[in-house]
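Here's a quick briefing to go with the sequence and the 3D view. Have the viewer open and follow along topic by topic.

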Amino acid sequence: MKLHLPPRVSPKQFQSAMTAFAGVVGKAWVMDSDADRDAYADTYAPGSTEEWPASAAVAPANVEEVRAIVRLANEHKVPLWPVARGKNLGYGTAAPRMEGTVVMDLGRMNKVLELDHKLAYCVVEPGVGFFDLYDQIQREKAPLWMSVPGNAWGSVLGNALEHGIGYTPYGLHARNLCGIEAVLPDGDLVRTGMGAMKDNPSWHLFPMSYGPTWDLAFSQSNLGIVTKAGVWLQPAPEASLELVWDIPEVDDIAWVVDTITPLKISGLIDQNVFIPSWLGKMVLKGQRKDFWDKPSAIPEWRVAELLKQYKLGYWQVALRLYGEETVVKARADVVKAAMKRHLDAAPAEHWWRQGDPIGQYETTMGVPSAVPLQMSDWIGGRGAHMGFSPVVPATGKHVLDQMHRSRKIIADFDVDFYASFTIGGRFANNVNMLMYDRDNADEVAKMRKLFDALIVESAKAGYAEYRTHLGWMDPVMETFDFNGHALRRFDEKVKSALDPNGIIAPGKQGVWPANYAAMRGKA
Ligand code: ADP
């Protein structure tokens with residue numbers, strides 16, 4: 001990709017910034033060729049990679065190098081976009097929001113600094129991937145389980161900082177962060193919580209600071225570059241039981257949510273319960289053309305046939321309980337009795353006991369896997385996906401309301417409906433997967449229009465996305481409209497005060513520093 005410079009930076013200024021960066025990290029770790037820019041582009045994007053182009057990437061090896069680069073970036077007025085492993089598929093991968101921003105690739109900082117078997121936490125650098133941490137846990141035979149997102153090829157910290165979600169009792173990944181070290185926009189270095197005191201052993205144990213608690217202010221944020229953080233882990237349970245129900249009808253999702261949510265809120269169910277619709281199972285069985293060979297959306301009658309043929313429900317609930325065997329059994333009885341009030345069929349039951357092998361694809365047991373990526377192959381060509389992910393109250397009424405709306409909009413665009421609800425507590429995350437071929441310009445254009453419509457129509461009903469692709473960060477922020485967008489005004493006041501040169505991730509999540517305010521809304 002050709003060079004796109006950041007706004008108001010001349011080629012000469014840019015070159016002198018690159019030379020200055022190389023003085024810190026060495027020439028090999030400043031990557032500014034056309035091929036390098038390709039490597040940091042969002043080749044999975046719904047559109048051209050030139051819409052969100054990085055000008056270069058720089059890869060520091062340690063905290064001091066991060067600080068030095070940030071100071072130089074201020075001097076040269078060249079903005080930085082920090083990524084951990086840059087695998088944020090469907091949300092922008094490693095690419096920056098604003099054109100010409102230099103990606104700061106933290107992948108070289110990839111140490112597991114601590115793994116505490118007793119107090120069940122680790123301290124990791126941003127480059128540590130889920131597979132790396134998993135391997136370390138296995139090597140040390142630590143009695144600990146991780147929580148992983150569906151597609152777990154990314155970074156433990158990157159995913160938590162992006163508010164990623166997993167399907168265990170530790171599935172709200174940002175909530176597991178405890179004690180953060182971050183480089184601020186002026187190059188200063190802070191530690192949050194008890195870590196604000198030198199050598200305090202409670203740093204990664206007590207989740208609050210003395211005074212305001214800043215940890216989550218560094219998540220989905222452009223206020224700092226996180227260089228290490230504590231992450232709480234789940235003690236490996238003595239036993240675990242998976243209960244699987246196929247749920248026949250589309251509107252059954254209402255009673256399913258009304259049945260599971262109270263048990264989740266009371267703590268009887270402790271995992272995040274993932275409920276995908278049938279297409280989530282189908283994408284693992286082949287390609288779309290094997291089941292429906294027309295470009296139009298798969299019609300209802302064909303869906304009914306497929307469900308029958310493959311013995312699938314419209315939804316599947318695969319619920320997992322963890323703990324001592326007798327306790328798990330007692331809890332399972334309560335869950336089964338509650339489900340039985342609506343559905344006669346008994347669930348399939350899969351017990352696991354300490355010492356049993358764990359399958360390779362057990363996401364609900366914290367095993368990292370990239371199997372859900374298979375979905376990209378459903379359409380064929382250069383397959384890709386986007387997820388429209390509003391958060392709704394976890395009641396049948398809200399879930400149906402949102403589902404009927406998005407299902408209708410998606411059908412109006414003649415696109416297949418593939419939804420899931422993850423009950424994370426008092427709320428459910430509703431992910432609507434939109435799969436398309438990146439090489440088909442008409443399809444890409446249609447998906448973009450569909451995505452716009454979903455954002456706007458859901459917002460009218462009072463629902464918003466919790467995370468989104470670079471291209472929709474401004475429109476989604478726009479939907480948070482209470483009191484004349486008071487949240488955005490507050491975010492931007494803080495941003496501009498801490499980062500007057502707008503050095504760190506301008507535009508992230510629709511938060512623009514004053515000096516780049518004119519870039520809002522631009523691709
Ligand atoms: P993953 O590889 O897990 O998918 P990424 O490295 O792509 O995660 O990170 C996702 C997003 O999180 C990035 O685009 C960036 O906005 C933010 N992020 C990642 N690492 C950091 C960090 N160390 N400090 C601040 N923000 C970060």
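First, a word on the term "domain": the domain bounds used here come from an automatic or database domain assignment. For this chain, that assignment gives domain 1 (11–105), domain 2 (112–235), domain 3 (239–467) and domain 4 (474–519). Keep in mind that you're looking at a predicted model.

**Overall build**

- The protein chain carries 14 helices and 20 strands.
- Its radius of gyration is 23 Å, close to the 24 Å that the globule rule gives for 523 residues, so the chain is as compact as a globular protein of that length.
- If you're setting up a box, the C-alpha trace spans about 70 × 55 × 45 Å along its principal axes.
- Of the 523 residues in the chain, 48% are buried.
- Take the contacts with a separation of 6 or more: 71% of them come from residues 24 or more positions apart.

**Around the ligand**

- The shell around the ligand has 20 residues, and the ones that come nearest are A84, R85, N88, G154 and G158.
- Three elements give two or more residues to this shell: β3 (80–83), α5 (156–161) and β10 (225–232).
- Helix α5 provides the largest share, with 4 residues.
- Sorted by class, the shell has 10 nonpolar, 6 polar and 4 charged residues.
- Where does the ligand lie relative to domain 1 and domain 2? Both domain 1 (11–105) and domain 2 (112–235) give residues to the shell, so the ligand lies between them.

**Where domain 2 meets domain 3**

- The centres of domain 2 and domain 3, taken over C-alpha atoms, are separated by 27 Å.
- Their contact takes 21 residues from domain 2 and 20 residues from domain 3.
- On the domain 2 side, helix α4 (residues 130–139) gives the most, with 3 residues.
- That side of domain 2 has 12 nonpolar, 8 polar and 1 charged residues.

**Strand pairing**

- As a reminder, strands of a sheet pair through backbone hydrogen bonds, either parallel or antiparallel.
- One open sheet has 4 strands in the order β1-β2-β4-β3, with mixed pairing.
- β1 (30–31) and β3 stand at the edges of this sheet with a single partner strand each, so one side of each is left without a neighbour in the sheet.
- Strand β3, which also gives residues to the ligand shell, runs parallel to strand β4 (residues 102–105), and 4 bridges join the two.
- In that pair, V83 stands opposite D105 in β4.
- Elsewhere, strand β12 (residues 239–247) pairs with strand β14 (residues 315–323) in the antiparallel sense over 9 bridges, and L241 stands opposite L321 in β14.
- β12 also runs antiparallel to strand β15 (residues 348–353), joined by 6 bridges, with H350 in β15 as the bridge partner of E242.

**A loop residue to look at: Q271**

- Q271 lies in the loop between α6 (253–266) and β13 (273–276).
- Is Q271 buried or exposed? There are 23 other C-beta atoms within 10 Å of Q271, so it counts as buried, the cut-off being 20 or more.
- Leaving aside neighbours within four places in sequence, Q271 is in contact with Y167, T168, P169, G171, R320 and T364.
- Of those, G171 is 100 residues apart from Q271 along the chain, with 6.9 Å between their C-alpha atoms.

Definitions and conventions. Residues numbered from 1 in each chain as written. Predicted model: local features only at pLDDT ≥ 70, side-chain atom pairs only at ≥ 80, totals over all residues. Near = placed C-beta within 6 Å. Nonpolar A, V, L, I, M, F, W, Y, C, P; charged D, E, K, R; others polar. Contact = placed C-beta atoms within 7 Å. Pairing = 2+ DSSP bridges. Buried ≥ 20, exposed ≤ 12 C-beta atoms within 10 Å, placed from the backbone. Rg over C-alpha atoms; globule rule 2.2 N^0.38 Å.
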